[in-house]
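User: I'm new to this one and would like to learn how to read it. Could you walk me through a few features, one at a time?

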Amino acid sequence: MRIDIITLFPELLQSPFEASIVKRAIDSGIAEIHFHNLRDYSKSKYKQVDDYPFGGGAGMVMMIEPIDKCISALKAARSYDEVIYMTPDGETLNQGIANQCSLYENIILLCGHYKGVDQRVRDHFITREISIGDFVLSGGELAAAVFCDSIIRLIPGVLGDESSALSDSYQDNLLAPPIYTRPADYKGWKVPDILTSGNTPAVEQWREDKAFERTQKLRPDLLGE
Ligand code: ADE
């Protein structure tokens, strides 16, 4: 998978790609991330990328021309599955969307700033709009990092244990069951006996029951009617 990220602040997007599972995916060539600084596509002397909104009002609007230049240059080199705009008014990211997007080959992510982008960018270039939740960040960069992490870890071969993404919370619309590791007794706080019993089918049943119980208690909305 190749991800091209268009941003005004590439420095906000460094560390999420430099550690852990995402780094491993990049190092092994399974994922490729390319950053594009929108200012490099501004034709003005002062590298202007935003301007006042027509009709007045607070805040600045990201201009269409640098975005067009950047997206068009990328599209001239390869075809893209989606051009995604990270915005608080997009569809809310969930595990289903992450699963679906993890199948893409090439995507462009546009990170918004200020009041957002000129509507014509959305009308003519953007094919999908994604929010990471009902709150407003200073820009789309952190949202893009969250989105990238959620999809990269799902690409086959990225997680060592192939089954481990399948047992995540939200796959199956269930929260994950509680997990424990050594010691089995810490200050008298004991691990449930079943987990040290060696009875694998019983452990599996216990995990299913706990996953259901936790979901019912914490996120009954996931269980539907
Ligand atoms: N940009 C600003 N806030 C955002 C959010 N919640 N999700 C995606 N992009 C954003």
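User: Let's begin with glycine 116. Where does glycine 116 lie?

Analyst: Helices and strands here are DSSP runs (H or I, at least four residues, for helices; E, at least two, for strands), numbered from the N terminus. Glycine 116 sits in the loop that links β6 and α4. A word on the model before we go on: it is predicted, so local features need pLDDT of at least 70 and side-chain atom pairs count only at pLDDT 80 or more, while totals for chains, interfaces and linings use all residues. Residues are numbered from 1 along each chain as its sequence is written, and side-chain values use heavy atoms, with hydrogens and water left out.

User: Is glycine 116 buried or exposed?

Analyst: Buried means under 20% relative accessible area, exposed over 50%, and partly exposed in between (1.4 Å probe, protein chains only). Glycine 116 has a relative accessible area of 8%, so it is buried.

User: Which residues is glycine 116 in contact with?

Analyst: Contact means heavy atoms within 4.5 Å. Setting aside neighbours within four places in sequence, glycine 116 is in contact with Met60, Val61, Met62 and Tyr85. As for proline 88, its C-alpha is 9.9 Å from that of glycine 116, with the two positions 28 residues apart in sequence.

User: How do I check the span of helix α2?

Analyst: The expected span of a helix is 1.5 Å times one less than its number of residues. Helix α2 (residues 64-77) has 14 residues, so it should span 20 Å, and its end C-alpha atoms are indeed 20 Å apart. Its buried residues are Pro66, Ile67, Cys70, Ile71 and Leu74. These cover an arc of only 120° around the axis, so they are on the same side of α2; the arc is taken from the directions from the helix axis to the C-beta atoms. Among the elements that the buried residues of α2 pack against are β1 (2-7), β2 (32-37) and α4 (119-124).

User: And the ligand: which residues come nearest?

Analyst: A residue is near a molecule if one of its heavy atoms lies within 4 Å of it. Of the 13 residues around the ligand, the nearest are Thr87, Ile132, Gly133, Phe135 and Leu137. Now look for N or O atoms within 3.5 Å of each other, the cut-off for a polar contact. A polar backbone atom of phenylalanine 135 is 2.8 Å from a nitrogen atom of the ligand. For threonine 87, a polar backbone atom is 3.2 Å from a ligand nitrogen.

How values were computed. Polar contact = N/O pair within 3.5 Å; in protein donor to acceptor, adjacent residues only side chain to side chain.
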